[in-house]
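Here is a short tour of one protein chain, told through its side chains. Keep the picture open while you read, and find each residue as we get to it.

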Amino acid sequence: MERFSGNYIDSYEKKMSVQQIYQMYQEKKIVFPMVPSIKRAAKIERISEIVEIILLGLALPAVYVSERQNGSLLVLEADDRLRCLIGFLEGYYPVSGLEFYPELGECGIEELEQQFPRMTSWLYDYKFSFQIIEYTTPRYMHMQMGNYIERWNFTREQGIRNELYGKDLERHLTCLEQTIWEFPEFFSKVSLNRQYMVLRILMTRFVCMREIEEEWGENLNIQQLLDRTATFVLRKDSLWIRETADVFREATEELINWDLRVHYGLERDKGKERQARRLSYLYNVVWMCRENGCEAQWGLEKSAWDSRLWKQIGSDKVNIANIRTHFDIIEERLR
């Protein structure tokens, strides 16, 4: 008999005018994840593009949003178009250099309302198509949408994850990543990116320690594994967080000392998937060595230069079976 996993994203479409969207934003019913802001010039360029598209009457792609239990809508964007439009409506930024409407010049929203009331009406009446992912959909499926539609970077993904999982997760991960922010040699300067890296390292740790297990018939993908990891971190008490922060700091110092000696290049692909995989394994190599009573520097030498292993790690899907297979190979190297 055919088996079906049952994973499904429950969503529905709703059209909303710019006026309605702005009102909901003011009432905190539409929210944006806390991610690093783009520069002012880039914001103005993006605002000008979206305002011109609206005035021309062109249809914009659907905006994906996550419905939360309190009824608010979390905007899942990669390009910040809607966020920039809100900034324009708040009066913080003007339009500039519109190709089809040069008469607008450097208009802000107040000038637009006063000098071009008809255009202002077009703007406020324009309707966006919202694709709303219902709150009953598992959180990891909200995150999976980013892989399919938006192609989020790690910084945006973690900002959205923090909103979906709550402020406690952000506080726990911030406490952990602050132990490594002073080592910019191979970590991103962006806090959210470091939080993501910590979560990936812990995910690999929990898989290795068999704290994360699959039930019969499951084949957890990376978003499901990160979901389990985030849930475990949320359950941990403050003592565990403090002790784990110390463990992270010690392992980071070991890795930096080793990298300075052998020039392995831990800073390569900073903040990207290749580095996330590399660090999630190397941190765990350090911890395995400590647990087995052997020198971490020796253990890193034994595993880090195995090009065949790292090629396999880089190409295999991130799942429980592959992670454990990789660590079986690493354990052989450490014997």
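## Salt bridges, near and far in sequence

Let's start with charges: this structure, which is a predicted model, holds 25 salt bridges. Take Asp79 and Arg81, whose side chains meet in one of them, with 3.9 Å from N to O. Why does that pair make the list? A side-chain nitrogen has to lie within 4 Å of a carboxyl oxygen, so at 3.9 Å the pair counts. Asp79 is partly exposed, with a relative accessible area of 32%.

Now look at helix H11, which covers residues 238–262. Here Asp246 and Arg249 form a salt bridge, 3.1 Å from N to O. Because these two are 3 residues apart in the helix, about one helical turn separates them. Asp246 has 39% relative accessibility, which makes it partly exposed, and Arg249 is partly exposed too, at 30%.

## A bridge between two helices

Which residue does Arg290 pair with in a salt bridge? The partner is Glu250, and the closest N and O atoms are 3.2 Å apart. This pair links distant parts of the chain: Arg290 sits in helix H12 (residues 273–292) and Glu250 in helix H11, 40 residues apart. Arg290 is partly exposed at 41% relative accessibility, and Glu250 is partly exposed at 40%.

Salt bridges can also join up into something with several members. Arg68, Glu163, Lys167 and Glu170 are linked in a network of them.

## Where H7 crosses H9

Next, find helix H7 (residues 154–165) and helix H9 (residues 191–208), whose axes come within 8 Å of each other and cross at roughly 80°. That angle makes H7 roughly perpendicular to H9. On the H7 side, the contact is made by Phe154, Thr155, Glu157, Gln158, Gly159, Arg161 and Asn162. H9 brings in Leu192, Asn193, Gln195, Tyr196, Met197, Leu199 and Arg200.

What kinds of residues make up this contact? Sorted by class, there are 5 nonpolar, 6 polar and 3 charged residues.

## Rings that pair up

Time for the aromatics: the structure holds 15 aromatic pairs. One of them is stacked, and you have just met both partners: Phe154 and Tyr196 lie 4.0 Å centre to centre, with 20° between the planes. Phe154 belongs to helix H7 and Tyr196 to helix H9, so this pair links parts of the chain that are 42 residues apart. Are these two rings' residues buried or exposed? Phe154 is buried, with a relative accessible area of 12%, and Tyr196 is buried at 2%.

Trp258 and Trp305 make a tilted pair, at 6.3 Å centre to centre and 55° between the planes. Trp258 lies in helix H11, while Trp305 lies in the loop between helix H13 (296–304) and helix H14 (307–315), so the pair ties together parts that are 47 residues apart in sequence. Their surroundings are worth checking in the picture: Trp258 is buried at 0% relative accessibility, whereas Trp305 is partly exposed at 46%.

## A cluster to finish

One last stop. Ring pairs also link Phe187, Phe248, Tyr283 and Trp287 into a cluster. Try finding these four residues yourself, then go back to the salt-bridge network of Arg68, Glu163, Lys167 and Glu170.

Definitions and conventions
Residues are numbered from 1 along each chain as its sequence is written. This is a predicted model: local features need pLDDT of at least 70, side-chain atom pairs count only at pLDDT 80 or more; totals for chains, interfaces and linings use all residues. Side-chain values use heavy atoms; hydrogens and water are left out. Buried means under 20% relative accessible area, exposed over 50%, partly exposed in between (1.4 Å probe, protein chains only). Helices (H or I, at least four residues) and strands (E, at least two) are DSSP runs, numbered from the N terminus. Axes are lines fitted to C-alpha atoms, for helices over the stretch in contact, and angles run from 0 to 180 degrees between N-to-C directions. Angles under 35 degrees count as roughly parallel, over 145 as roughly antiparallel, 65 to 115 as roughly perpendicular and the rest as oblique. Contact means heavy atoms within 4.5 Å. Ala, Val, Leu, Ile, Met, Phe, Trp, Tyr, Cys and Pro count as nonpolar, Asp, Glu, Lys and Arg as charged, and the others, Gly among them, as polar. Rings of Phe, Tyr and Trp (its six-membered ring) pair if their centres lie within 6.5 Å; planes under 30 degrees apart count as stacked, over 60 as edge-to-face and the rest as tilted.
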